[in-house]
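Got your viewer open? Let's take a walk through this one, one selection at a time.

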Amino acid sequence: MSHKAWMKTVPTENCDVLMTFPDTTDDHTLLWLLNHIRLGIPELIVQVRHHKHTRVYAFFVTATYESLLRGADEIGLRKPVKAEFGGGMRSFSCEEDYIYENIENELYFFTSQERQNIIRYWLENLRAKQGESLHNIHFLEGQPIIPELAARGVIQQVFPLHEQRILKRLMKSWVQAVCEAQPLDEICDYFGVKIAMYFAWLGFYTSAMVYPAVFGSILYTFTESDQTSQDICCVVFAIFNVIWSTLFLEEWKRRGAEFAYKWGTLDTPPESIEEPRPQFRGIKRISPVTSAEEFYYPPWKRLLFQCLVSLPVCLACLSFVFLLMLGCFQLQVGPHPAGAGLPTPPLALTLSPSPQEFVLSIQELPRIIRFLPKIVLAVIVTACDEVYKKIAYWLNDMGAW
């Protein structure tokens, strides 16, 4: 099921995160995971619903306001402090919840993005106990359950839901607005700091590009046609770009620091150590560092795979692309009439005549035939892109073993 189908066919008023399953999922799997969520994360409210047209089950996940407050304290969510208590941003604490702005308003204290981050944190930290298993999936002690089930295909998707009310407001103030400043604060509240920072940089970069564009247009307009004038203008424009790029970087550092301070990420501590990829496979062993059970894959096996599989596959793909490009170039080069003054094609392209050269010599054929090599190259490149993507995914997954 697509995201839009779920949002349009099932009510989502009391839902922050949606978890869907393949249509082949049995009841035992659903009950096993539901019990683990309800016992391991009692703060969450989970509703099980069934899509009658596709016969797909889904978990609608949300939490109460009190549970979200405890979750915000647990992850150290930074929230604005009231002016009478010093202002600024501070990690949320349930013991001092009265100092935070809008704490009395359950509807507006947390943004949808903050609620979803808290719920995602809980879901990703649902850990397996020693010896737990589901069908043929055997978990390590302390291993995250939901990322592993998503990597195995037991869970189809886990994604947050949009709020149509906020999306409509952003559509008017951001997408449909003309010659108006971007609502960066609203973007930050809804999509998060990373997305807001990206669009802040994109808007700043677009505005800054006006200066070299205007200056370059003036130079191009008033430059004489002689070579000396053109050389002088190129040097002047190069010096201008050096100065402009330096000022641009320094100004963005200042602007970016302002946004980081405003959105409470200037002094954010570094992220903790990430969990291993759920796709990682190996043999079980006791970690010499933590003395906990973990998956381990010997480095010599990974190096052997890289030398005997990854490297030959990459070289074969590169060779295929090179030969394909060379062949299309040879098809594109037709026989030049005598005395036409055209450059002689390279020796590698004239070793053997091609059928396309014979076709190009026949003037009565349609003109589209002359573009046939380019069309063939574009079609093959598009097809190879999909094939190479699958090969890249396969190599990447095998590198995790």
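Which residues touch the most other members of the largest nonpolar core? Keep in mind that you're looking at a predicted model. Select Met19, Leu33, Ile37, Leu44, Phe59, Phe110 and Leu149: in this core of 40 residues, they're the ones with the most fellow members in touch. Now colour the elements that give two or more residues to the core, namely β1 (17-20), α2 (27-40), β2 (44-51), β3 (56-63), α3 (65-75), α4 and α5 (145-152). The top contributor is α2, with five residues.

Stay on α2 (27-40) and click Ile37. Beyond its neighbours within four places in sequence, Ile37 is in contact with Met19, Pro42, Leu44, Val46, Phe59, Leu126 and Ile146.

Next, jump to the other core. A separate set of 15 residues makes up this second one, and Leu170, Ala208, Trp252 and Trp263 are among them. As background, nonpolar side chains in soluble globular proteins tend to be buried together.

Then pick helix α7, residues 184-191. Which of its residues are buried? Show Leu184, Ile187, Cys188 and Tyr190. To see what covers them, add α4 (112-124), α6 (164-175), α8 (193-208) and α10 (227-262), which are included in that cover. Just after α7 comes Gly192, with a positive phi near 105°.

Finally, zoom out. The protein chain carries 13 helices and ten strands, and 30% of its 401 residues count as buried. Turn on the surface and you have about 26200 Å² exposed, 62% of it from carbon and sulfur atoms.

Note on methods: Residues are numbered from 1 along each chain as its sequence is written. This is a predicted model: local features need pLDDT of at least 70, side-chain atom pairs count only at pLDDT 80 or more; totals for chains, interfaces and linings use all residues. Side-chain values use heavy atoms; hydrogens and water are left out. Buried means under 20% relative accessible area, exposed over 50%, partly exposed in between (1.4 Å probe, protein chains only). Helices (H or I, at least four residues) and strands (E, at least two) are DSSP runs, numbered from the N terminus. Contact means heavy atoms within 4.5 Å. Accessible areas come from the Shrake-Rupley method with a 1.4 Å probe; for residues, only the protein chains shown count as cover. A nonpolar core is a set of buried Ala, Val, Leu, Ile, Met, Phe, Trp, Tyr and Cys residues joined through side-chain atoms within 4.5 Å.
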